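The following exercises concern the strand arrangement, charged pairs and aromatic pairs of one protein chain. Please consult the sequence and the coordinates while working through each solution.

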Amino acid sequence: MTQQESKPHVVVYTDGACRGNPGPGGWGVVLASGPHEKTLKGFEAQTTNNRMELMAAIMALRALTKSCQVELWTDSQYVRQGITQWIHNWIKRGWQTAAKQPVKNAELWKILLEETKRHRVEWHWVKGHSGHPGNEKADTLANEAIDEQHRST
């Protein structure tokens, strides 16, 4: 068995939510491997939707304690295209866009890139709010994180 074949396979669904943009935000993650499922969620008081989408992906990969074969599903083209396409040129340009502007959320992109190095990640896009069970569950978790914070304040 090769090293890649021996890696555990994990299916991940991530989503971010923001009430106002910027405003209070949450992120949600569903991790599934065989019969096992784990969910995660978090909250930030003042953030953006894109930041929460990035945080969901970061926290999902960070939660994996060993190197895995990851199938990550996001409804964010920003995250999927950013990590699979745009990031290479951002790095070449010293974290600047083609228009010579600083890359937004660069600190989170750098963290996400670092987290991907431990895993073999396949990035997939799923249409949000289209009834896909994994995406809907991640969305529910992200919104629960915001609601729970509001109830506790």
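Each exercise below is followed by a worked solution, and the model is a predicted one.

**Exercise 1. The sheet**

Determine in which order the strands form the sheet, and which are the edge strands.

Solution. Step 1: the sheet is open and consists of 5 strands in the order β3-β2-β1-β4-β5, with mixed pairing. Step 2: β3 and β5 (120-125) each pair on one side only, which makes them the edge strands. Step 3: neighbouring strands are turned against each other by 20° on average, direction ignored. Step 4: β4 and β5 run parallel and are joined by 6 bridges; the bridge partner of Q69 in β5 is R120.

**Exercise 2. Helices on the sheet**

State which strands α2 touches and which strands α5 touches.

Solution. Step 1: α2 packs on the sheet in contact with β1, β2 (23-33), β3, β4 and β5. The direction of α2 makes about 155° with that of β1. Step 2: α5 also packs on the sheet, where it touches β1, β2 and β3. For α5, the angle with the direction of β2 is about 140°.

**Exercise 3. Salt bridges**

Give the number of salt bridges, and examine the pairs K137 with E37, E107 with R51 and E114 with K117.

Solution. Step 1: side chains of opposite charge can pair when their charged atoms come close. The cut-off between the side-chain nitrogen and the carboxyl oxygen is 4 Å, and the count by this rule is 8 salt bridges.

Step 2: in the salt bridge of K137 with E37, the closest N and O atoms are 2.3 Å apart. This pair links distant parts of the chain, since K137 belongs to helix α5 (residues 133-152) and E37 to strand β3 (residues 36-47), 100 residues apart. Buried means under 20% relative accessible area and exposed means over 50%; K137 at 35% is therefore partly exposed, and E37 at 47% is partly exposed as well.

Step 3: E107 and R51 form a salt bridge with closest N and O atoms 2.6 Å apart. Distant parts of the chain are again linked, with E107 in helix α4 (residues 106-116) and R51 in helix α2 (residues 49-63), 56 residues apart. E107 is partly exposed at 40%, and R51 is partly exposed at 21%.

Step 4: for E114 and K117, the closest N and O atoms of the salt bridge lie 3.3 Å apart. E114 has a relative accessibility of 48% and is partly exposed, whereas K117 at 58% is exposed. Step 5: K41, E144 and E148 are joined into one network by salt bridges that share partners.

**Exercise 4. Aromatic pairs**

Classify the pairs Y13 with W73 and W86 with W90 by ring geometry.

Solution. Step 1: there are 5 aromatic pairs by the rule applied. Step 2: the ring centres of Y13 and W73 are 6.4 Å apart and the planes lie at 20°, so the pair is stacked. Y13 in strand β1 (residues 9-18) and W73 in strand β4 (residues 69-74) are 60 residues apart, and the pair links distant parts of the chain. Both residues, Y13 and W73, are buried.

Step 3: W86 and W90 form a tilted pair, with 6.1 Å centre to centre and 55° between the planes. The two residues W86 and W90 lie in helix α3 (residues 77-92), 4 residues apart, about one turn of the helix. W86 is partly exposed at 32%, while W90 is buried at 9%. Step 4: one aromatic cluster is formed by Y78, W86, W90, W95 and W109.

Methods. Residues numbered from 1 in each chain as written. Predicted model: local features only at pLDDT ≥ 70, side-chain atom pairs only at ≥ 80, totals over all residues. Heavy atoms only, no water. Buried < 20%, exposed > 50% of the residue type's maximum accessible area, 1.4 Å probe, protein only. Phe/Tyr/Trp six-rings, centres within 6.5 Å; stacked < 30°, edge-to-face > 60°. Pairing = 2+ DSSP bridges. Axes fitted to C-alpha atoms, helices over the stretch in contact; angles between N-to-C directions. Contact = heavy atoms within 4.5 Å.
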